[in-house]
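Me: Please help me take a close look at one strand of this protein, explaining each term as you go. After that, I would like to see how the surroundings connect to that part.

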Amino acid sequence: IGGKAFYLSDVTYVKLPKTLVTIQAEAFAGSKLESIVIPASVEFIGREAFFNCDIATLEFEDDSKLRVIEHDAFAHTESLGSVVIPKSVDTLGTAVFEESGITTLEFEKGTVLTEIPERAFAGTKIASVAIPDSITLINHSAFRDNMSLTSVKFGSGESIHIGSNVFYNTGLTSVNIPAN
């Protein structure tokens, strides 16, 4: 699906084909799309692809081949409730879910993701998060401005770096920083 294909459209529903490989930049940005199922064949979601959409439900099909979700792809999706990041994803862009309505965030078991990028989940409504063992970097401001965030469980991977302002202005009252 090419860039801006459904940009600012009134489309509320779309069924994507099982052969789809890429969703380009701003493909559905600003549209009235209410829910989306990303086929397992999709490998790439471009920048701002679903930026400021009305989507409340985001689902990735089982055995997803998705590798890259570029910056701001799902930013400002204020109705979005829960997200499960497929284990195949190895790159998340800056501010990928910033200012979205996410309340529940999960990383699929066996994830290969090594970095939670800058502002990835800033301004969301996530209540708790379990950082996968594969994560070695939680970049600057990744979870900032999320007053709903009260619990963080760190993975037991070999080493982890926590950048500045990662948990700035959150609801955390106590944190156990692991030796790694």
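Reply: Let's begin with strand E2, residues 35–38. One face of E2 is covered and carries Ile36 and Ile38, while Ser35 and Val37 sit on the uncovered face. Why do neighbours in a strand end up on opposite faces? In a regular strand the side chains alternate between the two faces of the sheet. Names such as E2 come from DSSP runs, numbered from the N terminus: a strand (E) has at least two residues, and a helix (H or I) at least four.

Before going further, keep in mind that this is a predicted model, in which local features need pLDDT of at least 70 and side-chain atom pairs count only at pLDDT 80 or more, while totals for chains, interfaces and linings use all residues. Residues are numbered from 1 along each chain as its sequence is written, and side-chain values use heavy atoms, with hydrogens and water left out.

Which strand does E2 pair with? Its partner is strand E4 (residues 57–60), which runs parallel to E2 and is joined to it by 4 bridges. (Two strands pair if DSSP finds at least two bridges between them.) At one of these positions, Ser35 stands opposite Thr57 in E4.

Now follow E4 itself. Glu59 lies in this strand and is partly exposed, with a relative accessible area of 42%. Here buried means under 20% relative accessible area, exposed means over 50%, and partly exposed is in between, using a 1.4 Å probe and protein chains only. Glu59 joins Asp62, Asp63 and Glu108 in a surface patch of negative charge. Patches are built from residues with over 30% relative accessible area and no salt bridge, joining like charges within 9 Å and nonpolar side chains (Val, Leu, Ile, Met, Phe, Trp, Tyr) within 5 Å. The areas come from the Shrake-Rupley method with a 1.4 Å probe, and for residues only the protein chains shown count as cover. Lys and Arg count as positive, Asp and Glu as negative, with His and the chain ends not counted. Each charge is placed at NZ of Lys, CZ of Arg, CG of Asp or CD of Glu.

Just beyond the strands, the loops hold some salt bridges, each defined as a side-chain nitrogen of Lys or Arg within 4 Å of a carboxyl oxygen of Asp or Glu. How many are there in the whole structure? The search finds 6. One of them joins Lys18 to Glu61, with the closest N and O atoms 2.4 Å apart. This pair links distant parts of the chain, 43 residues apart: Lys18 is in the segment before strand E1 (22–23), and Glu61 is in the loop between E4 and strand E5 (68–69). Lys18 is exposed at 59% relative accessible area, whereas Glu61 is partly exposed at 21%.

Another salt bridge brings us back to the approach to E2. Glu26 and Arg47 meet through their side chains, 2.9 Å from N to O. Glu26 lies in the loop between E1 and E2, and Arg47 in the loop between strand E3 (44–45) and E4, so the contact ties together parts that are 21 residues apart in sequence. Glu26 counts as buried at 13% relative accessibility, but Arg47 is partly exposed at 32%.

Farther along the chain, Arg144 and Asp145 form a salt bridge too, with their closest N and O atoms 3.2 Å apart. Arg144 is partly exposed at 22%, and so is Asp145 at 33%. Returning to the pair by E2, salt bridges with shared partners join Lys4, Glu26 and Arg47 into one network.

You can practise reading faces on another strand. In E6 (residues 82–85), Val83 and Ile85 form the covered face, and Ser82 and Val84 the uncovered one. E6 pairs in the parallel sense with strand E8 (residues 104–107) over 4 bridges, and Val83 has Leu105 as its bridge partner in E8.

Finally, here is an open sheet to look for: 3 strands in the order E9-E11-E13, with parallel pairing. Strands E9 (115–116) and E13 (161–162) are its edges, each pairing on one side only. Within the sheet, E9 and E11 (residues 137–138) pair over 2 bridges, and Ile116 is matched with Ile138 in E11.
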